[in-house]
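This report describes the architecture of a two-chain model, chain by chain and then where the chains meet.

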Amino acid sequence: MTSNQIMFLLFSAVIVIFSILTVTSRRILRAATYLLFVLVSTAGLYFLLRYNYLAAIQLIVYAGGIVVLIIFSILLTSHISEKLPTASLLKKWPALLVALVGAALCVTVILQHNFPGSVGNTELVSVTDIGNSLINYGKYGYALPFEVISVLLLAAMIGAIVLAKKRKD
Amino acid sequence: MFEGVPLSWFLVLSTIMFFVGVYGFLVRKNLITMLMSIELILNSVCINFVAFNKILYPDHMEGMFFTIFIIAVAAAEASVAIAIIINIYRRIVNIDVEKMNEMKY
């Protein structure tokens with residue numbers, strides 16, 4: 001077993017355990033912390049795949065931004081020692097059935113399919129290449145999605161301010 | 001195969017994560033925990049994109065750019081969703097989906 005496999009198994013164990021804890025924990029602040037662990041180990045997987053830039057974005061935007069935003073809103077909307085009520089078993093089992101059947105179906109399909117075993121190149125993607133692709137409007141260029149996403153972020157920013165603003169009535 | 005790690009391992013991991021997110025979205029009643037389940041689902045999709053990109057098409061960068069855009073859309077979605085949740089909390093001092101039975105007034 002190579003060191004890469006060991007690291008992958010470690011990260012995936014953390015991801016699976018803490019994502020299950022995220023959706024089952026009864027204390028909402030703890031659920032947010034478990035979500036943070038999941039996102040950080042996903043960044044670890046990206047580092048394992050040599051996507052350093054992507055891992056940095058994952059850490060900054062997800063772990064640094066979204067989780068902090070979620071924790072802020074938890075602190076604004078619920079009491080810190082409040083425990084969520086457990087859903088009754090009658091309401092739980094259809095969801096559990098959907099999740100288990102769907103996961104079993106997908107896993108069997110994945111394991112039956114034979115993927116071509118190309119050896120991935122282990123070079124780093126340089127940030128220069130990423131930047132050139134983002135402003136390139138030719139083939140393999142992403143200038144248009146880049147502009148669209150910037151307009152979307154601006155719209156989300158204005159929308160969040162307008163929605164959360166205190167009304168004067 | 002990426003240095004001993006087969007592609008199917010990544011896919012199985014992201015499948016498990018995706019359906020844990022689906023389960024959480026269906027079971028949870030609190031709006032913020034439902035938002036956290038959606039983040040789990042988006043994250044599992046990102047893992048899929050990145051693994052396909054690195055292992056099947058290592059000379060391209062499409063999967064990575066899709067992941068970057070997914071992360072940006074997730075950030076925008078989370079900010080607007082939290083603004084809406086705070087607004088709802090102001091109106092009916094609760095963020096439980098079962099208590100939200102009047103949308104118009």
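The text below covers the fold of each chain, the contact between the chains, the nonpolar core and a few single residues. The model is predicted.

**Chain A**

Chain A contains 6 helices and 0 strands, and its elements follow the order α-α-α-α-α-α from the N terminus. The chain is divided into domain 1, residues 1–83, and domain 2, residues 125–169. Taken over C-alpha atoms, the centres of these two domains of chain A are separated by 24 Å.

The radius of gyration of chain A is 21 Å, whereas a compact globule of 169 residues would have a value near 15 Å. Along the principal axes, the C-alpha atoms of chain A fill a box of roughly 55 × 45 × 25 Å. Of the 169 residues in chain A, 22% are buried. Among contacts in chain A between residues at least 6 apart in sequence, those joining residues at least 24 apart make up 51%.

**Chain B**

Chain B has 3 helices and 0 strands, in the order α-α-α from the N terminus. Its radius of gyration is 18 Å, well over the 13 Å that the globule rule gives for 105 residues, so chain B is more spread out than a compact globule. The box filled by the C-alpha atoms of chain B, taken along the principal axes, is roughly 55 × 25 × 15 Å. Buried residues account for 53% of the 105 residues of chain B. For contacts in chain B with a separation of 6 or more, 51% come from residues 24 or more positions apart.

Two helices of chain B are set side by side in the table, with their end-to-end C-alpha distances and burial.

| Helix | Residues | Expected span | End C-alpha distance | Buried residues |
|---|---|---|---|---|
| α1(B) | 21 residues | 30 Å | 31 Å | 16 of 21 residues |
| α2(B) | 26 residues | 38 Å | 38 Å | 21 of 26 residues |

For α1(B), the distance between the end C-alpha atoms agrees with the span expected at 1.5 Å a residue. The reach of α2(B) is likewise close to its expected value. Both helices are mostly covered: this holds for α1(B) and for α2(B).

**Contact between the chains**

The contact takes 68 residues from chain A and 61 residues from chain B. On the side of chain B that touches chain A, the elements giving two or more residues are α1, α2 and α3 of chain B. Of these, α3(B) gives the most, with 21 residues. By class, this side of chain B has 45 nonpolar, 11 polar and 5 charged residues.

**The nonpolar core**

The largest nonpolar core has 66 residues, and Ile32(B) and Val50(B) have the most contacts inside it. Elements of both chains each supply at least two residues of this core: α1 (3–24), α2 (28–48), α3 (52–77) and α6 (143–164) from chain A, and α1 (7–27), α2 (31–56) and α3 (62–92) from chain B. The most comes from α2(B), which gives 13 residues. Within chain A, domain 1 (1–83) and domain 2 (125–169) both give residues to this core, so the core lies between them.

Which residues does Ile32(B) contact, leaving aside its neighbours within four places in sequence? On the chain A side they are Ile28(A), Ile70(A), Ser73(A), Ile74(A) and Thr77(A), and from chain B they are Ile85(B) and Ile95(B).

**Single residues of chain A**

Two residues of chain A that are not glycine have a positive phi: Arg50(A), at about 65°, and Tyr140(A), at about 60°. Arg50(A) sits in the loop between α2 and α3 of chain A, while Tyr140(A) is in the loop between α5 (127–135) and α6 of chain A. Arg50(A) counts as partly exposed because it has 18 C-beta neighbours inside 10 Å. Tyr140(A) has 11 C-beta neighbours inside 10 Å and therefore counts as exposed.

Lys165(A) is placed in the segment after α6 of chain A. Lys165(A) is also exposed, with 10 other C-beta atoms within 10 Å. From Lys165(A) to Ser25(A) the separation is 140 residues in sequence and 31 Å in space, C-alpha to C-alpha.

Notes:
Residues numbered from 1 in each chain as written. Chains lettered and ligands numbered in written order. Predicted model: local features only at pLDDT ≥ 70, side-chain atom pairs only at ≥ 80, totals over all residues. Core = buried A, V, L, I, M, F, W, Y, C linked by C-beta atoms within 7 Å. Buried ≥ 20, exposed ≤ 12 C-beta atoms within 10 Å, placed from the backbone. Helix = DSSP H or I, 4+ residues; strand = E, 2+ residues; numbered from the N terminus. Domains from an automatic or database assignment. Contact = placed C-beta atoms within 7 Å. Expected span 1.5 Å × (residues − 1). Nonpolar A, V, L, I, M, F, W, Y, C, P; charged D, E, K, R; others polar. Rg over C-alpha atoms; globule rule 2.2 N^0.38 Å.
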